Amino acid sequence: MKLNAISASAGLTLASLVGSALAGATYTLTEDIVGDSFYDSFNFEAIPDPTLGRVNYVDEATAKALNLSFATHDTFIIRADDTTVLNATGNGRNSVRIRSNNQYTTHVAVFDMQHIPEGCGTWPAVWETNEPNWPNGGEVDIFEGVNNVGPNQSTLHTSNNCTIPPFTTQTGTTLTTNCSYAFDYNEGCAVELATNNSYGPAFNRIGGGWYAMERTNDYINVWFWERSDPCAPPDVTCGASTVDTSQWGIASAHFPNTQCDFASHFGLNNIIINLTFCGAKAGNATLYSAAGCPSDCVTYVDKNPSAFKDAYFQFSSIKVYT
């Protein structure tokens, strides 16, 4: 598109989108969550799955007893059961859902992830919301996917009257623009990242990488850098005490506030990390079949525990900056 062919008003809009995409700020480390400190910073939610998945979320004591969660000095793992054949009329597959004790508004969260859950029927996510105030408090899905199908999608879910522009300055591709939970079965406004290595087995083969999310009242940005990416910012890869997002380059997913008042659509949010199975998304018959997965989702999850030996999150750290 030639800039001299853009109207004055359109040019101003384009300039504002580019400006917000490249804005950035400096933030100071307020939480450094590594190893055993995950147990101090998060609580285990043994709750019915809101997405109606074939899952049984267990509490912390059960997770530790069943080896579904463990930590070393520099690693934290949460995983699903991979040994039990399930009864069709019984509980779903044991798994873990954790929620941060602290809540955040304007902040940066950096997730150093070595491994993410893989397998047909899996639906892992790293996201932020305020469960009792959903959707009014907003939701940011930083990392999410189903059935091993990449790339990652980063998505906003909100109350009514919130949209994003179809084109903006980002390396990813905007798929949907209406963020309202009431539109199109809560599809949200989603951006597909540019690289397949951002999700699934491809992510694990490269040793993972870093996801980062910056939330402000003007924009929400998500970045992904592969483990060996020479362009990954040093303040991210070294876990610096301060980060400067203005030096991080163009975001993988950029959500500007040009068509949505973020201040009124997003409130105090917790970080949530969970692994469910099937449910509204991974269990969608069309999506499940398109991924090349066998049988139907629930039957497969019930009868094939060994298929989930790689269904686990492995974190080196989560760092929160404010």
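Colleague: Which residues are linked in a network of salt bridges here?

Modeller: Glu-45, Arg-97, Arg-99 and Glu-131 are. Bear in mind that this is a predicted model.

Colleague: Why is the contact between Glu-131 and Arg-97 called a salt bridge?

Modeller: Their side chains come to 2.7 Å, N to O. The cut-off is 4 Å between a side-chain nitrogen of Lys or Arg and a carboxyl oxygen of Asp or Glu, so the pair qualifies. The two residues sit in distant parts of the chain, 34 residues apart: Glu-131 in the loop between β9 and β10, Arg-97 in strand β7.

Colleague: Is Arg-97 buried or exposed, and how do you know?

Modeller: Arg-97 has 3% relative accessibility. Buried means under 20%, so Arg-97 is buried. Glu-131 has 24%, and because partly exposed runs between 20% and 50%, that is the label for Glu-131.

Colleague: What makes Arg-227 and Asp-112 a salt bridge?

Modeller: The closest N and O atoms are 2.8 Å apart, and the limit is 4 Å, so this pair counts too. Arg-227 lies in the loop between β15 and α5 and Asp-112 in strand β8, so the pair ties together parts 115 residues apart in sequence. Asp-112, at 12% relative accessibility, is buried, while Arg-227, at 23%, is partly exposed.

Colleague: Which ring does the charged end of Arg-227 sit over?

Modeller: The ring of Trp-210, with the charged end 4.5 Å from the ring centre. Lys-64 has its charged end over the ring of Tyr-39, 4.1 Å from the centre.

Colleague: Why is Lys-309 called exposed?

Modeller: Its relative accessible area is 51%, and exposed means over 50%, so Lys-309 gets that label. Lys-309 meets Asp-310 in a salt bridge at 3.1 Å, N to O, and Asp-310 is partly exposed at 23%.

Colleague: How many salt bridges turn up in the whole structure?

Modeller: Eleven.

Colleague: How do you know that buried Glu-214 has no salt bridge?

Modeller: The nearest side chain of opposite charge, Arg-215, is 11 Å away. A salt bridge has to be within 4 Å, so Glu-214 has none. Glu-214, in strand β14, does have polar contacts: one with the side chain of Tyr-27 at 2.7 Å, and one with the side chain of Thr-245 at 3.0 Å. It also touches other residues, including His-107, Asn-221 and Trp-223.

Colleague: On to the rings. How many aromatic pairs does a search of the whole structure find?

Modeller: It finds 19. One of them is Phe-38 with Phe-315.

Colleague: Why is the pair of Phe-38 and Phe-315 called tilted?

Modeller: The centres are 5.9 Å apart, and rings pair within 6.5 Å. The planes are 40° apart, and because stacked needs under 30 degrees and edge-to-face over 60, the pair is tilted. Phe-38 is in helix α2 and Phe-315 in strand β19, 277 residues apart. Phe-38 is buried at 1% relative accessibility, and Phe-315 is buried at 1%.

Colleague: What makes Phe-143 and Phe-313 edge-to-face?

Modeller: Their planes are 70° apart, and over 60 degrees counts as edge-to-face, so the name fits. Phe-143 lies in strand β10 and Phe-313 in strand β19, so they tie together parts 170 residues apart in sequence. Both are buried.

Colleague: Which residues form one aromatic cluster?

Modeller: Among them are Phe-38, Phe-315, Phe-143 and Phe-313, along with Tyr-39.

How values were computed:
Residues numbered from 1 in each chain as written. Predicted model: local features only at pLDDT ≥ 70, side-chain atom pairs only at ≥ 80, totals over all residues. Heavy atoms only, no water. Helix = DSSP H or I, 4+ residues; strand = E, 2+ residues; numbered from the N terminus. Buried < 20%, exposed > 50% of the residue type's maximum accessible area, 1.4 Å probe, protein only. Lys, Arg positive; Asp, Glu negative; His and termini not counted. Polar contact = N/O pair within 3.5 Å; in protein donor to acceptor, adjacent residues only side chain to side chain. Contact = heavy atoms within 4.5 Å. Phe/Tyr/Trp six-rings, centres within 6.5 Å; stacked < 30°, edge-to-face > 60°. Lys NZ or Arg CZ within 6 Å of the ring centre and 35° of its normal. Lists of a residue's contacts leave out its neighbours within four places in sequence.
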